Amino acid sequence: MNILLILTSHDSLGDSGEKTGFWLEELAAPYYTFIDAGAQVTLTSPKGGLPPLDPKSNQPEFQTAATVRFSADTSAMQALQTTLPLSTINVANYDAIFYAGGHGPLWDLAEDPCSISLIEHAIKANKPVAAVCHAPGVFRHTKAVDGQFLVHGKSVTGFSNSEEQAVGLTDIVPFLLEDMLKNHGANYSKQQDWQPYVVTDGLLVTGQNPASSMETAQAVLNLLSAKNSAGAA
C-alpha cells in the first residue's frame, strides 16, 4: 500500500507579511495513521525539498501526540526535508493521494497544473483522493470526465467560512473554501467549528479542519480495504 502525501510550498499569507505553509497536525496525524497501518508514505510538494511549516501550527497549544512523535522521528524529518517535486510524481505508483492543509494550498496547489492533472488521473484510475482543512482548495480547477467540476454533485466538507472568520483571515485568503465548493455545485456540509468531521463520497474524502486529520486518513484506509476486499471476491 503506497500513499502519496502532498504538502504546500507556499509560505506567505498574501500581502499580510505573515507566514503560512502546511499545518503540522495535518501532516503528522495522517502520516502515522498510514504508517501504523503498514503503508509506505511518500512526501511531495510543488517545489520539492523542505516545505514551509505554518509557524502557528508548531505552537504548544496545537501540539498533539502525532506532532510530538513526528518532530522526534528522524526518518520522518528526513522525508520532510527531501520531499519529491510534484512534477516528478507518477500517479500509477500510488494507491491513494492525501493532501494536507494549512493556508498555503489555497495559493499554490489549487492552481498547480501538476496537482490538477494528478487528481484527475487518480480519479480516472479509481484511486481515492483525500484533502483536509484548506486542502480541498485543490479541487478548484479539477474536472471529472464529463467536463463538470470534480466536486459537482459530490458531498464534501472543508474549512468553513466561520472558521476562517474565527482566525481572522477572511479578507486575506485568495478565496473562501466553503464558498468555492458550493459555487462548484458541491453538496457542502460542516460540523461545529473545530470539531472533527469527515465526508466520503465515492473516491473523494474530505475533512473539515485539523481535528479531522486522523479520521480523514482512516477513511482513506477504509476505502482501500473495501477496494481490496472487492478485488479478492
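The paragraphs below walk through the sheet, its helices, the nonpolar core and a few individual residues of this predicted model.

The sheet makes a convenient starting point. Seven strands, in the order S3-S2-S1-S4-S5-S9-S8, form an open sheet with mixed pairing. Its edges are taken by strand S3 (84-85) and strand S8 (198-201); each has a single partner strand, so one side of each is left without a neighbour in the sheet. Strands of a sheet pair through backbone hydrogen bonds, in either a parallel or an antiparallel sense. Beginning at the S3 edge, S3 pairs with strand S2 (residues 40-45) in the parallel sense over 2 bridges, and Pro-85 of S3 is the bridge partner of Ser-45. S2 also pairs with S1, again in the parallel sense, here over 5 bridges; Gln-40 in S2 is the bridge partner of Asn-2. S1 itself is mostly covered, with 4 of its 5 residues buried. Further along the sheet, S4 and S5 are joined by parallel pairing over 3 bridges, and Tyr-99 stands opposite Ala-131 of S5. Side chains leave S5 in two directions: Val-129 and Ala-131 point one way, Ala-130 and Val-132 point the other way, and all are buried.

Attention now turns to helix H4, which is worth following from end to end. It has 12 residues and spans 17 Å from its first C-alpha to its last, close to the 16 Å expected at 1.5 Å a residue. At the N-terminal end of H4, Asp-112 acts as a cap, with a side-chain oxygen 2.8 Å from the backbone nitrogen of Cys-114. The buried residues of H4 are Ser-115, Ile-116, Leu-118, Ile-119, Glu-120 and Ala-122, and they pack against S1, S4 and S5. An α-helix has 3.6 residues a turn, so residues three or four places apart point the same way. After the helix comes Asn-126, in the loop between H4 and S5. Asn-126 has a positive phi of about 65 degrees although it is not a glycine. With a relative accessibility of 42%, this residue counts as partly exposed.

A second residue with this backbone feature is Trp-194, which is not a glycine either and has a positive phi of about 70 degrees. Trp-194 sits in the loop between strand S7 (187-188) and S8. Its relative accessible area is 39%, which means that it is partly exposed.

The nonpolar interior comes next. In soluble globular proteins, nonpolar side chains tend to be buried together. Here the largest nonpolar core has 63 residues, and those with the most contacts inside it are Leu-5, Phe-34, Tyr-99, Leu-118 and Phe-139. The largest share of this core, 7 residues, comes from H1. Beyond its sequence neighbours within four places, Phe-139 is in contact with Ile-119, Val-129, Ala-131, Leu-150, Val-151, Met-180, His-184, Leu-204 and Thr-206.

Helix H1 (residues 24-36) also holds Ala-28, a buried residue with a relative accessible area of 0%. Not counting residues up to four places away in sequence, Ala-28 touches Ala-66, Thr-67 and Phe-70. The C-alpha atoms of Ala-28 and Ala-66 are 5.4 Å apart in space, while the two residues are 38 apart in sequence.

Two residues with polar side chains complete the picture. His-134 is placed in the loop between S5 and strand S6 (155-156). His-134 has a relative accessibility of 2%, under the 20% limit, and therefore counts as buried. Leaving aside neighbours within four places in sequence, His-134 is in contact with Gly-101, Gly-102, His-103, Leu-106, Phe-159, Glu-164 and Leu-177. Glu-178, in turn, belongs to helix H6 (residues 177-183) and is buried, with a relative accessible area of 4%. A polar atom of the Glu-178 side chain lies 2.8 Å from the backbone nitrogen of Asn-161. Again leaving aside neighbours within four places in sequence, the contacts of Glu-178 are Phe-159, Ser-160, Asn-161, Tyr-188 and Lys-190.

Definitions and conventions:
Residues are numbered from 1 along each chain as its sequence is written. This is a predicted model: local features need pLDDT of at least 70, side-chain atom pairs count only at pLDDT 80 or more; totals for chains, interfaces and linings use all residues. Side-chain values use heavy atoms; hydrogens and water are left out. Buried means under 20% relative accessible area, exposed over 50%, partly exposed in between (1.4 Å probe, protein chains only). Contact means heavy atoms within 4.5 Å. Two strands pair if DSSP finds at least two bridges between them. A nonpolar core is a set of buried Ala, Val, Leu, Ile, Met, Phe, Trp, Tyr and Cys residues joined through side-chain atoms within 4.5 Å. The expected span of a helix is 1.5 Å times one less than its number of residues. A polar contact is a pair of N or O atoms within 3.5 Å; within protein, one must be able to donate a hydrogen and the other to accept it, and residues adjacent in sequence count only if both atoms are side-chain atoms.
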